[in-house]
Amino acid sequence: MAMQAVIMAGGAGMRLRPMTCDCPKPLVPLCGAPVMDYALRLLARYGYDHATATLCYRPQDIKSAFGEGRHGVTLRYSEEKTPLGTAGSVLHALEGDADTVLVLSGDGLTGCDLSDALRFHQRVGAAATLVLKSVDIPLAYGVVVTDERGRILRFIEKPDWSRVVSSQVNTGVYLLEREALALIPKDRPFDFGRELFPLMLQKGMPLYGYPTRAYWCDVGDPAALLRAQGDLLSGRAGIEPADRGARPQGAEISPDSYVAGDAIIAPGAQLRGACVLSGARVGAETVLEGAILCPGASVGQGAQLLPGSILGAGARTGDFSRLNAGAALWPGVGLPDYAVCAERVMQSQAAINVADSRAHCASPAQMAWLAGAFAGALPAREVAVMYQGMDNAAYHLLLGALAAYGVQRVWALGRGSLGMLSYAAQSLRADGAILAGQEEICLLNGSGLPLSDRQSAAVEQAAQRQELPPSQSDPGAVRAHHAVRGAYLAALARRFHALRGKRVALICKDRFLRALARDALRLAGHEVSSDAEITFSLTESQARVLPRERMLTEEEQWLLCARALSLHGGAVYDTQDYGLPELLPCDEGPDCRLQRRILGDGVARLLLLMTLFERETVEQAVAALPALTRRTADIPCDMRDKGRVLSALRERGTLREQGGILSQDARGRTVIRPDAALPLIHVAACARDAENAQELCDLFSADIKRLLQNSFEG
């Protein structure tokens, strides 16, 4: 069998900055050797004497460092003139025909048994095999779901906790056959995780995962680098470090710290889990805790560097200065005596988090930064922007930021509501939309819906990693468009025009939204009056009917909308996982997207319900609803245990596209979903009666607690 080995070494290492400001990611030092050196040693151990390295970022640096090869492995280089993606770069690197190709990441540290992986690959007849590793916290990786034979069933790329159903992650070590390589196009960028492997899954090709118990660490950020360093020095990795470092007398240096042989450490210095690279200097009585000093950096006397802090090459701090956790100085930057640094150069101090398509922004600069990340991550050529409330300063800031980051057309829509913006995104055929508040913005995709989990994660990661579009300021990109309100109201009136108008009372705190709903009702043929037979409570995303007799449950409020949709002549989708047989499964088709837009817009939802109450009284409509009871429970669960728990429960149900596991039997339907941010697993059981709903909820809650107890005892 003809074999070729390819090392992917084109990464720029944005998350490792400032370490990678002046060197490519594969050359980042790890215990006295570039991290890619460990990949060559692994190849040599398993009999590979030739490899090709794919290069893109600072290719000459890697060529100079490795020359013709090391450790008995001859190196050839394949340089990308334009980025080809991970799969595209490997295809470009191949020499002639190959039956099997081994792919390694130039920034991964592993002791994987490559021979055993190859035997597995051949035994199962795989077109492609991914080496998998079980980890405690899989959020930063591509989670892989397999059956008992190792055949891959599903990929979940960089999930939040609500979508973690397995603890197995993709290590970036692959074995590929010709039929897999044949799917990679030669004329455009193509990625393994996002494109090739999902395509193979779609085509039903034999795609397998080989689980390794060997050590693996993705050296993708400073914390991972220090973790790998400690694992090498302690022996936990089972891999011999290239160099164990120096131990200068008079300094207190922990076993998991590395000090280059030519670094200078003054007496009294304390190093705990630190990394001090070639030519760096550490002053007397200085404390370095989980900190990294790049080549030539220097720390003054009595200074303190807290966990996650980094000094770039040649950077320096004065005497008695302090770098707080996560702070960093880019190459050549200096800090005076007694100064305190709490930020990373050219990055905002506060982290940007995108949850449920909403992001809180601590400063105007952070809001502009997030707008650029949004435009780049979607990507978005046209973006619609609105503001709510009375303060429109954030609105004008976003318009300018989007234009500066190269958005070709920025629609300035003025003041509006979330429903208006959703309608505008669709009608203008924009790629995305932003609703600006004073300190918070809401992000929508081109369908006028909240961002998916993947889109939200992509925007957040782009902001955190500085992956912003290049500045291409075009003042002409901003276009005012003030006809949205009238068009939105007219569209609602056409869709939900009344055959017999009714009098409606509204309870709404937002004066703008109340006026918008009043005009919508009047155009549709209804009358707003305080003396009315039907009363609604209205918010931007909800319209709740308030009967005189009793308060309706959330389930009943939603089922009223479903009944109205059904009588209105449309298909009704089960976006709440209630499991009623008359509802269609939720999908990404246009009808389901339209339903989600209507039910997520308070004003549209109000008019929809009025089409129901034209035909029936509220009491009649409620009486006609199907019997449905929902019971919920929240189970405390350490973040590290979520993947294992959901993996153990997989045989009890099916994986949901929205995250979590769905189980259904004659009694009802249960959804088990990890919380995206909190250490909780949510259980929601729906049944025709309260007894079955409670029984299902209690059953799955007990199973989860038992799994957690067994994990704790183990």
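Visitor: What covers the buried residues of α14?
Guide: This is a predicted model, so everything here is read from predicted coordinates. In α14, the buried residues include W558, L559, L560 and C561. The cover over the buried residues of α14 includes β41 (543-545), α15, α16, α17 and β42 (629-636).

Visitor: How many of the 14 residues of α14 are buried?
Guide: A residue counts as buried when its relative accessible area is under 20%. Among those that pass in α14 are E555, E556, Q557, A562, A564 and L565. The helix is largely enclosed by the rest of the structure, because the buried count is 10 of the 14.

Visitor: What distance does α14 reach from its first C-alpha to its last?
Guide: Take 14 residues at 1.5 Å a residue, and the expected span is 20 Å. The model comes out close to that, with a reach of 20 Å.

Visitor: Which residue just after α14 takes a positive phi?
Guide: Look just past the end of the helix, where phi turns positive at about 105°. The residue there is G569.

Visitor: Which side chain meets R563 in a salt bridge?
Guide: R563 sits in helix α14 (residues 554-567) and is partly exposed at 24% relative accessibility. The N to O distance in the pair is 2.5 Å. The partner of R563 is E616.

Visitor: How many residues apart in sequence are the parts that R563 and E616 tie together?
Guide: E616 is buried, at 16% relative accessible area. E616 belongs to the loop between α16 (602-613) and α17 (618-623), while R563 belongs to α14, so the pair ties together parts whose separation in sequence is 53 residues.

Visitor: Are D574 and R669, which meet in a salt bridge, buried or exposed?
Guide: Their side chains meet at 3.4 Å, N to O. The pair links distant parts of the chain, 95 residues apart, with D574 in the loop between α14 and α15 (590-599) and R669 in strand β45 (residues 668-674). The cut-off is under 20%. D574 has 5% relative accessibility and R669 has 14%, so D574 is buried and R669 is buried.

Visitor: In which helix do D116 and R119 both lie?
Guide: The two side chains meet in a salt bridge of 3.4 Å, N to O. D116 is partly exposed at 29%, and R119 is partly exposed at 46%. They sit three residues apart, about one turn of the helix, in α4 (residues 114-124).

Visitor: Which residues are linked with D37 in a network of salt bridges?
Guide: Side chains of opposite charge can pair when their charged atoms come close. The structure holds 28 salt bridges. The network that includes D37 also takes in R41 and R70.

Visitor: Which strands stand at the edges of the sheet β15-β18-β21-β24-β27-β30?
Guide: Six strands make up this open sheet, and the pairing is parallel. Each edge strand has a single partner, so one side of each is left without a neighbour in the sheet; these strands are β15 (252-253) and β30 (340-341).

Visitor: In β27, which residue is the bridge partner of L305?
Guide: Strands β24 (residues 304-305) and β27 (residues 322-323) run parallel and are joined by two bridges. The partner of L305 is L323.

Visitor: Which residue in β19 stands opposite V259?
Guide: A parallel open sheet of five strands runs in the order β16-β19-β22-β25-β28. Its edge strands are β16 (258-259) and β28 (328-329). β16 pairs with β19 (residues 275-276) over two bridges, and opposite V259 stands V276.

Key
Residues are numbered from 1 along each chain as its sequence is written. This is a predicted model: local features need pLDDT of at least 70, side-chain atom pairs count only at pLDDT 80 or more; totals for chains, interfaces and linings use all residues. Side-chain values use heavy atoms; hydrogens and water are left out. A salt bridge is a side-chain nitrogen of Lys or Arg within 4 Å of a carboxyl oxygen of Asp or Glu. Helices (H or I, at least four residues) and strands (E, at least two) are DSSP runs, numbered from the N terminus. Buried means under 20% relative accessible area, exposed over 50%, partly exposed in between (1.4 Å probe, protein chains only). Two strands pair if DSSP finds at least two bridges between them. The expected span of a helix is 1.5 Å times one less than its number of residues. Contact means heavy atoms within 4.5 Å.
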